[in-house]
Amino acid sequence: MSEPMVVIKIIFILSLLLVAYAYAGYPLLIFILSRLFSRPVRQAEITPKVSLIITAYNEECDIAAKLDNTLGLDYPPDKLEIIVASDCSSDQTDDIVRRYGARGVRLHRRPERLGKSVAQNHAVKQASGEILVFSDATTLYLPDAVRQIVRSFADPQVGCVAGQLIYVDQATTAVG
């Protein structure tokens, strides 16, 4: 067998091993490490000021439902700041958000479309909450979602909390 063929076979085998590691090895490694170095997270019923940042681009069909859902959360209204980061929406999204201004919703509109991350980063500069919660316009929360998220921040070692995201196809399921 020629030397170039040996090199190609080695590269092929290493590529397969890399793919196997990405799909099975890494999750297994994280599972093992979490068992070896786990520590319980201290949780408590706390109510710090939360800034909920909703990123939107041309979401006129969904933004009202999202804002109604957010305003209906079981969290003290004086501790919940709601900011919609509009990434230069060209539909009625901004006008719909402005209608919620009297209920405490703030619109932070980007003058040019630069993408979700830029819109979020600029909204963060406007936020006054101790904890930031990021959301898309199409993501609806259970009423106690923010309370559940902030519970883990009672532990000073916690710097980030993620929720459970469940995708539902409203057209094919009665649950949706």
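Me: Which side chains count as positive and which as negative here?
Reply: Lys and Arg count as positive, Asp and Glu as negative; His and the chain ends are not counted. Each charge is placed at NZ of Lys, CZ of Arg, CG of Asp or CD of Glu.

Me: How many of each are in the protein chain?
Reply: There are 18 positive and 19 negative side chains. The centres of the two sets lie 6 Å apart.

Me: What kind of model is this?
Reply: The model is predicted; local features need pLDDT of at least 70, side-chain atom pairs count only at pLDDT 80 or more, and totals for chains, interfaces and linings use all residues. Residues are numbered from 1 along each chain as its sequence is written, and side-chain values use heavy atoms, leaving out hydrogens and water.

Me: New topic. How many helices and strands?
Reply: The protein chain has five helices and four strands. These are DSSP runs, numbered from the N terminus: helices are H or I with at least four residues, strands E with at least two. The pattern along the sequence is α-β-α-β-α-β-α-β-α.

Me: Which residues of helix H4 are buried?
Reply: In H4 (residues 116-126), they are Ala119, Gln120 and Ala123. Buried means under 20% relative accessible area (1.4 Å probe, protein chains only).

Me: Why do they line one face?
Reply: Seen down the axis of H4, they fall within an arc of 95 degrees, so they line one face of the helix. The arc is that of the directions from the helix axis to the C-beta atoms.

Me: What do they pack against?
Reply: E1, E2, E3 and E4. Contact means heavy atoms within 4.5 Å.

Definitions and conventions. Buried means under 20% relative accessible area, exposed over 50%, partly exposed in between (1.4 Å probe, protein chains only).
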